[in-house]
Amino acid sequence: MTKELLISAGIIVVGVIAAVGYWYDFKIPTFEESNNADKAVTETIILPENAAHIYQKIPEVQQYLKELEQLMDVGQAVVPLQADELDAGAAQAQQIVLNDSEFLADTLQGAQLLHNDIMTVRETIVSALDNAYQQRCQQHSCYQTEKYNFVTNTTTRAIVDIEDSVVLAVERYPNMQPDISVRLMHIAQQIALNAPEVKQELTFTPSVKDMSMANVRAALKESPCENSAHLCVAPVFADHQNQRALWAVVDLTDLKLAGAKWAGLGKTTTPACIAERSLQNRVLMEQYCQQDTELEKNGWQLKYRLTGSDGLEIRDAYFHGKPVLRSAKIVDWHVSYQQEKGVKLDTSVESYLQGRRVEFSKDDNENYFFGYNDAMGCPMFSTSAVLPFNGPQIDVINADQAEIAGFSITQDFRNPKWPMACNYRYENRFEFYDDGSFRIVAVNKGRGCGNNALYRPLMRIDMGFAEQETFYQFDQGQWTVWQQEQQYRLPDGGQHGGQQFDFKLVSEADPESGYYIEPDRGQFEAGQRGDHAIVYVTRFKPDEGDRDLLTLGSCCNLEEDGVERYLTPPESITATNLVIWYVPRIQNDTRAGQEYCWADTVVGRYGNLEVQEWPCSVGPRFVPIQITHMQ
């Protein structure tokens with residue numbers, strides 16, 4: 001396995017709607033939808049026709065199951081990482097956690113051992129640490145170890161000081177999943193390569209070189225993979241000549257193929273060969289992941305860093321010495337694809353496959369939804385994250401570019417083969433202005449896996465100007481206090497009640513101290529189509545995103561963003577420390593002359609292939625209340 005293959009990303013999702021689940025009624029987004037013309041490829045669902053036990057004959061699967069059985073026989077439940085995935089420090093850290101009772105506490109259910117795998121052992125990074133441990137781990141060698149419980153669908157994360165041979169902290173994340181180990185990636189590849197349905201659809205015997213994205217977690221509607229109930233990944237076989245790809249979903253919980261689907265890629269002239277791109281992984285890790293970077297500019301003082309899976313994070317921002325932001329970051333990108341044309345299914349009678357009841361999720365127009373959750377993170381930390389390209393860039397914002405001058409901090413995340421089909425490029429951009437206002441911007445530059453995608457970036461904003469804050473919404477001509485944790489979907493188009501600002505967050509001690517919140521309705525940048533966002537407000541809790549978050553929510557259930565888990569039961573939010581979650585919704589567009597959230601390779605004016613971009617950007621602006629009152 002080459003290093004390039006191990007770090008290559010490009011998130012692909014499988015559009016198979018298969019097997020045993022609960023019925024959902026999905027609603028199509030109410031905002032503008034694209035009437036994409038490039039839909040010539042028939043999107044076909046392939047359900048597994050072979051028994052799951054055929055995959056147990058694969059040597060890699062046999063060896064894995066044999067090792068698991070041997071461990072169980074001696075009373076152990078955790079499959080460790082193999083030596084080729086560990087350096088000396090990681091091997092030591094793994095041995096420490098495998099003897100730690102707290103780390104292993106969930107491996108037993110009564111007297112029954114539960115199957116667990118160590119997934120990653122990495123040197124820890126600053127965003128994964130409490131303040132209490134940051135100084136210690138700057139002086140000592142610390143590692144972060146993650147294991148996954150296949151029975152309870154729980155990830156356990158431990159921080160280990162290998163110099164003192166002690167576990168510093170153990171945290172559990174129910175219904176969340178980590179990046180998979182290299183060994184499981186190889187197993188997923190072999191299952192996909194040996195699946196009779198895959199061979200039949202491809203009409204040839206595929207090899208590893210014909211496949212990509214075997215380490216990318218996927219959600220599969222109406223199957224055990226839905227909402228990440230099982231650990232699933234999505235190898236893909238791209239057929240660029242015919243503008244289509246075969247997406248395979250491998251269920252690593254049951255070690256079998258869950259299903260497959262042919263889907264269109266959209267037109268592309270992207271060449272098969274792409275020049276090598278230097279990601280400078282070691283420099284990025286040492287300069288931006290292992291430590292905070294401090295910046296003083298235009299009256300602003302702040303810190304920034306690259307996180308393990310939450311992109312670029314701004315920490316402890318001050319303007320002329322006054323606190324503004326405690327933390328701001330984009331924790332996930334949810335990507336959902338809509339299938340408008342597919343096989344005709346009779347759901348009026350029950351269907352069974354291999355003894356399982358099969359149900360399908362579709363709307364009144366016979367549309368399906370399928371997709372995945374996309375993470376951005378440090379290059380040597382996450383095997384499935386969209387990787388940073390170079391380091392954060394500091395740019396000047398001139399007065400002719402915006403209403404007021406300032407500067408921006410931008411981190412580019414991209415798959416190495418972008419803009420080929422099924423590769424992605426995102427930017428995290430934070431704009432700071434000379435009047436004390438700021439804006440958080442999520443930029444999508446395509447290209448993605450299809451021409452009917454819905455993107456949802458999850459923004460987490462923890463303001464820091466007051467210990468006790470109160471959140472207001474402008475409603476029916478007046479400001480109304482939110483008493484409890486809740487959510488609100490912004491109306492499509494226009495200003496809410498003719499008001500520039502839909503919300504404000506103020507200090508309980510000083511009502512003149514705080515910030516108005518102005519959603520993007522297309523007024524910030526020409527050609528943009530607005531946020532169409534859902535806004536959530538929750539009480540601050542350290543384990544709800546103050547450190548790196550695992551993936552939140554479902555890619556494909558358009559009624560859930562993942563933040564809902566923090567609203568149950570709703571708590572009081574008056575005069576307390578608050579967190580704002582802002583989740584825009586973006587529909588891509590590939591129509592000629594209407595491109596949006598898209599990229600392609602075209603022949604340029606000098607006869608060379610050039611990348612053409614049609615980016616989409618979303619995100620709110622925060623304006624100090626005192627400034628607006630002085631105007």
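The legends below describe views of a predicted model, from the whole protein to helix H2.

**View 1. Overall content of the predicted protein model.** The protein has eight helices and 37 strands. Of its 631 residues, 59% count as buried. Among contacts between residues at least 6 apart in sequence, 70% join residues at least 24 apart. The exposed area of the protein is about 25200 Å², and carbon and sulfur atoms supply 46% of that area.

**View 2. Helix H2, residues 59-73.** H2 contains 15 residues, which should span 21 Å at 1.5 Å a residue. The end C-alpha atoms of H2 are 21 Å apart, so the span in the model agrees with the expected one.

**View 3. Buried residues of H2.** Val61, Tyr64, Glu67, Leu68 and Leu71 are the buried residues of this helix. They lie on the same side of H2, because the arc they cover around the axis is only 130°. Pro59, Glu69 and Asp73, on the other side of H2, are exposed.

**View 4. Packing partners of H2.** The buried residues of H2 pack against two strands, S2 (78-79) and S5 (116-123). They also pack against helix H5 (182-194).

**View 5. Gly75, following H2.** Helix H2 is followed by Gly75. The phi angle of Gly75 is positive, near 85°.

Key. Residues are numbered from 1 along each chain as its sequence is written. This is a predicted model: local features need pLDDT of at least 70, side-chain atom pairs count only at pLDDT 80 or more; totals for chains, interfaces and linings use all residues. Side-chain values use heavy atoms; hydrogens and water are left out. Helices (H or I, at least four residues) and strands (E, at least two) are DSSP runs, numbered from the N terminus. The expected span of a helix is 1.5 Å times one less than its number of residues. Buried means under 20% relative accessible area, exposed over 50%, partly exposed in between (1.4 Å probe, protein chains only). The arc is that of the directions from the helix axis to the C-beta atoms. Contact means heavy atoms within 4.5 Å. Accessible areas come from the Shrake-Rupley method with a 1.4 Å probe; for residues, only the protein chains shown count as cover.
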